[in-house]
Amino acid sequence: MKKLLPIILLTVAATTATAGAQSLNGIELGLTGGYASGLSGEFFVHAPNVAGPVGVKAGVAYTRAADAINDSSPELPGISGPNDTFGKAKAEGRASESGSHTVVSLDGTYGLGELTPGVDATLYGGGRYGMFRSVADFGSLGSTTYSSNAFGIGAGVMVSYALTGGLSLVGDLGVDHYFKSTIRTDDGNGNTDSIATNDGSYSTFDNTFVRPGTVFKARVGLKTSY
């Protein structure tokens, strides 16, 4: 979180600074939840109509990974033989997995206006910075943590339905894509490693550590305007 906080502050600052040329009236704060490779939630700040229908949106999303370690992986500490896999170890209660995805986004937006009374839509697209983490836990035999930070791009559409005053129901459909990047490992005993994309062993770690490539997301929530 110490590394994440400056990124969050910078993205939010970029949004509010861009909106500084206009009044703070119209700034939107939103909170949505749904699915994006696992149960996911996002907080966003949106400055619409910075230049005509063009605006800026910054967001921070957190996802509990639906799958963290590839079940077919045969090369992990705690895997006992050539016919053993992580999936088999899980089924026999010898292993467990957990993972998370934290994504900071900065998008340009384009307001399509009111589609029908009370309903409006906004297109968005921009950059992503994802921080991904997975843990393969073998109990008394120890655990291995895999992590990777990756840049990406994304686009989507938000559709809003006015409820009352400045409060609206909002739905968000989109797709993000993340590029491959260095994978780091930590066994919790001071043994760490970094595997670059051009390393000969990269494919082995890449096939073990499950993290987003192309992600389809669907979230719904509320936003309020100021």
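This is a short conversation about how some features of this predicted model were assigned.

Author: Since the model is predicted, local features need pLDDT of at least 70, side-chain atom pairs count only at pLDDT 80 or more, and totals for chains, interfaces and linings use all residues. Residues are numbered from 1 along each chain as its sequence is written, and side-chain values use heavy atoms, with hydrogens and water left out.

Reader: Thanks! How many helices and strands are there, and what makes a run count as one?

Author: The protein chain has three helices and ten strands. Both are DSSP runs numbered from the N terminus: helices are H or I with at least four residues, strands are E with at least two. Along the sequence the pattern reads α-β-β-β-α-β-β-β-β-β-β-α-β.

Reader: How do you know that strand 2 and strand 3 pair?

Author: Two strands pair if DSSP finds at least two bridges between them. Strand 2 (residues 38–51) and strand 3 (residues 54–65) have eleven bridges, in the antiparallel sense, so they satisfy that rule. Within this pairing, S40 stands opposite T63. The hairpin has two residues between the strands, and G52 takes a positive phi near 65° there.

Reader: And which strand does strand 3 join through another eleven bridges?

Author: That is strand 4 (residues 96–116), which runs antiparallel to strand 3. One of the bridge pairs is V54 with Y110.

Reader: Why is D206 called buried?

Author: Buried means under 20% relative accessible area, exposed over 50%, and partly exposed in between (1.4 Å probe, protein chains only). D206 has 16% relative accessibility, so it counts as buried. D206 is found in helix 3 (residues 202–208).

Reader: Which side chains make polar contacts with the side chain of D206?

Author: K180 does, at 2.8 Å, and so does R211, at 2.9 Å. A polar contact is a pair of N or O atoms within 3.5 Å; within protein, one must be able to donate a hydrogen and the other to accept it, and residues adjacent in sequence count only if both atoms are side-chain atoms. Both distances, 2.8 Å and 2.9 Å, fall within that limit.

Reader: Is M131 buried or exposed?

Author: M131 counts as buried because its relative accessibility is 15%. The residue lies in strand 5 (residues 119–137). Its C-alpha atom is 6.6 Å from that of A150, 19 residues apart along the chain.

Reader: What makes V210 partly exposed?

Author: V210 has a relative accessible area of 25%, so it is classed as partly exposed. V210 sits in the loop between helix 3 and strand 10. Leaving aside neighbours within four places in sequence, V210 is in contact (heavy atoms within 4.5 Å) with D67, A68, I69, N70 and S134.

Reader: Which residues make the nonpolar surface patch, and what qualifies a residue for a patch?

Author: Y161, L163, L167, L169, V220 and L222 make a patch of about 510 Å². Patch residues have over 30% relative accessible area and no salt bridge (a side-chain nitrogen of Lys or Arg within 4 Å of a carboxyl oxygen of Asp or Glu); like charges are joined within 9 Å, nonpolar side chains (Val, Leu, Ile, Met, Phe, Trp, Tyr) within 5 Å. Accessible areas come from the Shrake-Rupley method with a 1.4 Å probe, and for residues only the protein chains shown count as cover. L222, in strand 10, is partly exposed because its relative accessibility is 40%. Strand 6 (143–164), strand 7 (167–178) and strand 10 (214–225) each supply at least two of the patch residues.
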